[in-house]
Amino acid sequence: MKKTLLALAALAATSAAFAQSSVTLYGLVDVSVEKVKTDHQVNKVSSGNLAISRLGVKGSEDLGGGMKANFVLESEVKADTGSADTSRFFKRGAWVGLQGGAGELRLGRQDTPIGALAGDTSILGGQAYDDLKMVNTRAAAGYRRVDNAVTYLLPTVVEGVSAQLQYSTTGNGQEQYGQAGNLTKNYGLSVKYAQGPVIAGLGYLSVVDDNATLAGNQRANATLAFGGYDFGTFKAIAYYDG
């Protein structure tokens, strides 16, 4: 593991490593003009109405023997003002991973299994507002992504089927409340099938004591299940969250 982290440090810090590794700078800019009517009418330029504007860098390095080191650093930006998110710089993701024949292990701030399902627009075809609707279960509303996560992506055994398991020690960093014990520890899992016109998935998340203002273990659970079929001219999708 130490060798992996050193390889990624070299990948991010030296131009010599770029020639032998894959590094991608990517992003998305969403800007709109909107008219808001309350007591007064306001015309303004806004960012992130349909999708969150973001800037990220991701990379992969071949370690040999069928092993790869991967990383993602992704920041949320405000395209209307040019400012970054004020709460944390890499709010949308900051993780390093080791991938091989046995699957992939990722460490850092990541999507939860249920959040990754809801945010996979290539499968569900949803927009940002639908994404938020689908993860807006009691446990998942504040757990679209989590800190201090250990995620294991299982290797593909059956074509079209992917699955992952995750455990996080502090959820969304709510250790700031100063409470000891299991505050915001959580675990989750998901399985997804996408083959031909058929898609289906199931995600689950369980959070221990997600309400820091209450004493004891206020456990919260969330489930997302969906299925769909692509008819060619249109795609029908149904989902349940609870």
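Which residue in E9 does Val-150 stand opposite? Val-150 faces Tyr-167 in that strand. That pairing is a small detail of a predicted model, and it makes a handy doorway into the rest of the chain.

## The chain as a whole

Welcome to a chain of 242 residues, of which 35% count as buried. Its secondary structure consists of five helices and 13 strands. About 13,400 Å² of the chain is exposed, with carbon and sulfur atoms supplying 57% of that area. If you look at contacts between residues at least 6 apart in sequence, 51% of them join residues at least 24 apart.

## How far to trust the model

The average pLDDT of the chain is 78, and 73% of the residues score at least 70. Confidence is highest in strand E9 (residues 161-168), at a mean of 95, and lowest in helix H1 (residues 2-13), at 42. Over residues 1-19 the pLDDT is below 50, and this stretch has 22 contacts in the model beyond near neighbours in sequence. Residues 174-181 also have a pLDDT below 50, with 11 contacts beyond near neighbours in sequence. Where pLDDT is low, the predicted coordinates should not be read in detail.

## The sheet

Now let your eye follow the strands. An open sheet is formed by 11 strands, in the order E1-E4-E5-E6-E7-E8-E9-E10-E11-E12-E13, with antiparallel pairing. Strand E1 (22-28) and strand E13 (235-241) stand at its edges; each has a single partner strand, so one side of each is left without a neighbour in the sheet. On average, neighbouring strands of this sheet are turned by 15° against each other, direction ignored.

Here are some of the pairings, each with one of its residue pairs.

| Strands | Sense | Bridges | A residue pair |
|---|---|---|---|
| E5 (residues 67-76) and E6 | antiparallel | seven bridges | Glu-74 and Gly-93 |
| E6 (residues 93-100) and E7 (residues 103-111) | antiparallel | seven bridges | Leu-98 and Leu-105 |
| E7 and E8 | antiparallel | seven bridges | Arg-106 and Thr-151 |
| E8 and E9 | antiparallel | five bridges | Val-150 and Tyr-167 |

A hairpin takes the chain from E6 to E7 through two residues. Between those two strands, Val-96 has Leu-107 of E7 as its bridge partner.

## A buried residue in strand E9

Is Gln-166 buried or exposed? Gln-166 sits in strand E9. Its relative accessibility is 4%, and the limit for a buried residue is under 20%, so Gln-166 counts as buried. Leaving out residues up to four places away in sequence, Gln-166 touches a list of residues including Gln-110, Asp-111, Thr-112 and Pro-113. Val-146, Ala-149, Val-150 and Thr-151 are also among the residues touched by Gln-166, as are Asn-186, Tyr-187 and Gly-188. Arg-106 is 60 residues away from Gln-166 along the chain, and their C-alpha atoms are separated by 9.3 Å.

## The nonpolar core

Two of the residues that Gln-166 touches, Val-146 and Ala-149, also belong to the largest nonpolar core. This core has 12 residues in all: Ile-114, Leu-117, Ala-118, Tyr-143, Val-146, Ala-149, Ile-199, Leu-205, Val-207, Ala-222, Leu-224 and Phe-226. Helix H3 (113-119), strand E8 (145-153), E11 and strand E12 (220-230) are the elements that give two or more residues to the core. In soluble globular proteins, nonpolar side chains tend to be buried together.

## A proline between two strands

Last on the tour is a loop residue. Pro-197 lies between strand E10 (186-195) and strand E11 (198-207). With a relative accessible area of 31%, Pro-197 is partly exposed, because that class runs from 20% to 50%. Setting aside neighbours within four places in sequence, Pro-197 is in contact with Gly-228, Tyr-229 and Asp-230. Pro-197 and Gly-232 are 35 residues apart in sequence, and the C-alpha to C-alpha distance between them is 8.2 Å.

Key:
Residues numbered from 1 in each chain as written. Predicted model: local features only at pLDDT ≥ 70, side-chain atom pairs only at ≥ 80, totals over all residues. Heavy atoms only, no water. Helix = DSSP H or I, 4+ residues; strand = E, 2+ residues; numbered from the N terminus. Buried < 20%, exposed > 50% of the residue type's maximum accessible area, 1.4 Å probe, protein only. Contact = heavy atoms within 4.5 Å. Areas by Shrake-Rupley, 256 points an atom, 1.4 Å probe, with all protein chains shown as cover. pLDDT = per-residue confidence, 0-100. Core = buried A, V, L, I, M, F, W, Y, C linked by side-chain atoms within 4.5 Å. Pairing = 2+ DSSP bridges. Axes fitted to C-alpha atoms, helices over the stretch in contact; angles between N-to-C directions.
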